[in-house]
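Here's a quick walk through one protein chain, starting from a single residue and working outwards. Have the viewer open as you read.

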Amino acid sequence: HVSGALVHVFSWSGKDTEERGKMSLQIVVKSASNLPNLERFSKSDPMTVLVFQGVKHKTKVISNNLDPVWDETFEWPLQVAPSATEVIQIEVYDHEKLGKNRLLGRGEVSMRDVVSKGRYSPSITLKGKKGDVLKATISLDITYKSPGGSGG
């Protein structure tokens with residue numbers, strides 16, 4: 001009889017957590033600056049790809065611009081709380097109408113910073129294809145909504 005009572009208590013508290021709000025990760029891709037120019041006659045046409053927990057989101061392409069402003073918001077609904085060791089991968093590409101998009105730079109954000117702060121607005125220095133540090137940076141606004149419902 002006692003174990004049955006315990007199960008009842010746990011199932012009730014689980015439902016309570018569910019109703020208080022779902023977890024999510026929200027990322028605003030604000031802007032980038034000093035992107036490398038891979039074009040011969042014009043400027044790169046940058047777009048950003050974000051990958052978190054295997055789910056990919058892409059910004060729109062901004063033509064002919066090495067300091068693009070996207071201001072696009074993406075959301076990842078989360079089933080489980082992210083671990084501090086996970087990373088958000090960021091890749092900025094030069095969009096090509098023909099052929100493959102070319103990597104302008106890449107970076108990552110550790111979830112440790114995001115989880116501990118709840119809201120985090122980093123400016124990330126990008127690295128080139130060979131891991132060389134570029135002058136290029138990208139600005140993000142990251143919000144982690146924990147199960148408690150408030151953003152931290």
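## Around Ile 138

This is a predicted model, so let's begin with a residue that has plenty of company. Setting aside neighbours within four places in sequence, Ile 138 is in contact with Val 29, Ser 31, Ala 32, Thr 48, Trp 70, Ile 90, Val 92, Pro 122, Ser 123, Ile 124 and Leu 126.

## Two cores

Ile 138 is also one of the best-connected members of the largest nonpolar core, a group of 29 residues; Leu 25, Ile 88 and Leu 140 share that billing for contacts inside the core. At least two core residues come from each of β1, β2 (46-52), β4 (69-78), β5 (87-94), β6 (102-110), α2 (111-117), β8 (123-127) and β9 (133-145). The top contributor is β9, with 6 residues.

There's a second, separate core too: it has 5 residues, including Val 49, Val 51, Tyr 93 and Leu 103.

## Ser 24, a polar residue tucked in

Ser 24 sits in strand β1 (residues 23-33). Its relative accessible area is 6%, under the 20% cut-off, so Ser 24 counts as buried. What does its side chain pair up with? The side chain of Glu 75, through a polar contact at 3.0 Å.

Not counting residues up to four places away in sequence, Ser 24 touches Glu 75 along with Trp 76, Pro 77, Leu 78, Thr 143, Tyr 144 and Lys 145.

## How far to trust it

The average pLDDT is 87, and 83% of the residues score at least 70. Residues 1-20 are another story: pLDDT there is below 50, and the stretch has 4 contacts in the model beyond near neighbours in sequence. Where pLDDT is low, the predicted coordinates shouldn't be read in detail.

Key. Residues numbered from 1 in each chain as written. Predicted model: local features only at pLDDT ≥ 70, side-chain atom pairs only at ≥ 80, totals over all residues. Heavy atoms only, no water. Helix = DSSP H or I, 4+ residues; strand = E, 2+ residues; numbered from the N terminus. Buried < 20%, exposed > 50% of the residue type's maximum accessible area, 1.4 Å probe, protein only. Polar contact = N/O pair within 3.5 Å; in protein donor to acceptor, adjacent residues only side chain to side chain. Contact = heavy atoms within 4.5 Å. Core = buried A, V, L, I, M, F, W, Y, C linked by side-chain atoms within 4.5 Å. pLDDT = per-residue confidence, 0-100.
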